[in-house]
Amino acid sequence: MPFSCRPSFMIYSLKLNTAFLLIGALMIAINGLALLKPAPAQNWLRSFPRSKKWGVALISVATVWFFFLVARMDLGEFSSWRQTVLILTPIAWVLTWKYVDEFLAVRALGMVVLLAAEPLLEAAFLRPEPSKHFLNVPVYIGIVFAMFWVGTPYTLRDQIAWLTGTQGRWRAASFLGVVYGVLLIGLTFTLAKPPVS
């Protein structure tokens, strides 16, 4: 299938090279900061799971994103529910940040990761290059982690405690993150060019 022909069920128009660049740059920025300023980064990461501020910010992002999807995407046999879901979405947002106080930041982060997985997987869909798996595999791993964060959010707290347990572990993880980010950006030069119509 030509790269310019997208199946009708696809929601986003993110290209694979753009996905490589975005995720690569994000990994370099986050892990580079973790390498350069380990103490502040570790302190922030340890405080994140119970941060009300980050919880409200991330649940707001997830709510707006979900609202956009419901308003735009084909709901099939559930299309008659569209208006009801659109009305209930902001109500659910208010009730969530008001009453779901325990590990709200972790649950909301899981929601954002699950929402972000869709455009990234779409970007690699039907692409012939084997390099797409350098994006697909981490995304699927992220989906598994995100489901645990939403359902059992204390798991992220335990993962953070393990990651920040030793400086060697922290530096190794941060360095590998930077290397992987550079790799993703480098892979943009290996992608086939879309055919000219």
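**Exercise 1. The chain as a whole**

Of the 197 residues of the protein chain, what percentage count as buried? Work this out for the predicted model, and then describe the fold in outline.

*Solution.* In this predicted model, 35% of the 197 residues in the protein chain count as buried. Turning to secondary structure, the chain holds 8 helices and 0 strands, and its pattern, read along the sequence, is α-α-α-α-α-α-α-α. The C-alpha atoms fill a box of roughly 55 × 45 × 20 Å when the principal axes are used. As a last step, consider the contacts between residues at least 6 apart in sequence: 80% of these join residues at least 24 apart.

**Exercise 2. The nonpolar cores**

Identify which residues of the largest nonpolar core touch the most other members, and work out which helices supply it.

*Solution.* The largest nonpolar core has 21 residues, and those that touch the most other members are Phe-48, Leu-58, Leu-69, Val-106, Trp-149, Leu-156 and Trp-170. At least two residues of this core come from each of helix 2 (38-47), helix 3 (52-72), helix 5 (104-124), helix 6 (133-151) and helix 7 (154-163), and the greatest contribution, 5 residues, is that of helix 5. Another core lies apart from this one and has 15 residues, including Leu-16, Ala-19, Val-139 and Ile-143. To look at a single member of the largest core, take Leu-69: once its neighbours within four places in sequence are left aside, Leu-69 is in contact with Ile-11, Tyr-12 and Leu-115.

**Exercise 3. Helix 1 against helix 5**

Determine how helix 1 is oriented relative to helix 5, and say which residues meet between them.

*Solution.* Helix 1, residues 16-36, packs against helix 5 at an angle of about 135°, and the two axes are 8 Å apart. Because of this angle, helix 1 is oblique to helix 5; the cut-off for roughly antiparallel is over 145 degrees. On the helix 1 side Leu-16, Ala-19 and Ile-23 take part, and they meet Leu-120, Ala-123 and Ala-124 of helix 5. Sorted by character, the residues of this contact are 6 nonpolar, with no polar and no charged ones.

**Exercise 4. Helix 1 against helix 8**

Carry out the analysis for helix 1 and helix 8, giving the angle, the handedness and the make-up of the contact.

*Solution.* Helix 8 spans residues 167-187, and it packs with helix 1 at an angle of about 155°, the axes being 7 Å apart. With the cut-off at over 145 degrees, the two helices are therefore roughly antiparallel to each other. The crossing of helix 1 and helix 8 is left-handed. The residues of their contact divide into 17 nonpolar, 6 polar and 1 charged.

**Exercise 5. Two residues by accessibility**

Decide for Val-64 and for Thr-155 whether each is buried or exposed, and describe where each one sits.

*Solution.* Val-64 belongs to helix 3, and its relative accessibility is 59%, so Val-64 counts as exposed, the cut-off for exposed being over 50%. Its C-alpha is 33 Å in space from that of Trp-170, and the two residues are 106 apart in sequence. Thr-155, by contrast, lies in helix 7 and is buried, because its relative accessible area is 16% and the cut-off for buried is under 20%. When neighbours within four places in sequence are left aside, Thr-155 is in contact with Phe-148 and Trp-149, and Trp-149 is one of the residues that touch the most other members of the largest nonpolar core.

How values were computed. Residues are numbered from 1 along each chain as its sequence is written. This is a predicted model: local features need pLDDT of at least 70, side-chain atom pairs count only at pLDDT 80 or more; totals for chains, interfaces and linings use all residues. Side-chain values use heavy atoms; hydrogens and water are left out. A nonpolar core is a set of buried Ala, Val, Leu, Ile, Met, Phe, Trp, Tyr and Cys residues joined through side-chain atoms within 4.5 Å. Buried means under 20% relative accessible area, exposed over 50%, partly exposed in between (1.4 Å probe, protein chains only). Helices (H or I, at least four residues) and strands (E, at least two) are DSSP runs, numbered from the N terminus. Contact means heavy atoms within 4.5 Å. Axes are lines fitted to C-alpha atoms, for helices over the stretch in contact, and angles run from 0 to 180 degrees between N-to-C directions. Angles under 35 degrees count as roughly parallel, over 145 as roughly antiparallel, 65 to 115 as roughly perpendicular and the rest as oblique. Ala, Val, Leu, Ile, Met, Phe, Trp, Tyr, Cys and Pro count as nonpolar, Asp, Glu, Lys and Arg as charged, and the others, Gly among them, as polar. A crossing is left-handed if the near helix is turned anticlockwise from the far one by less than a right angle, and right-handed if clockwise.
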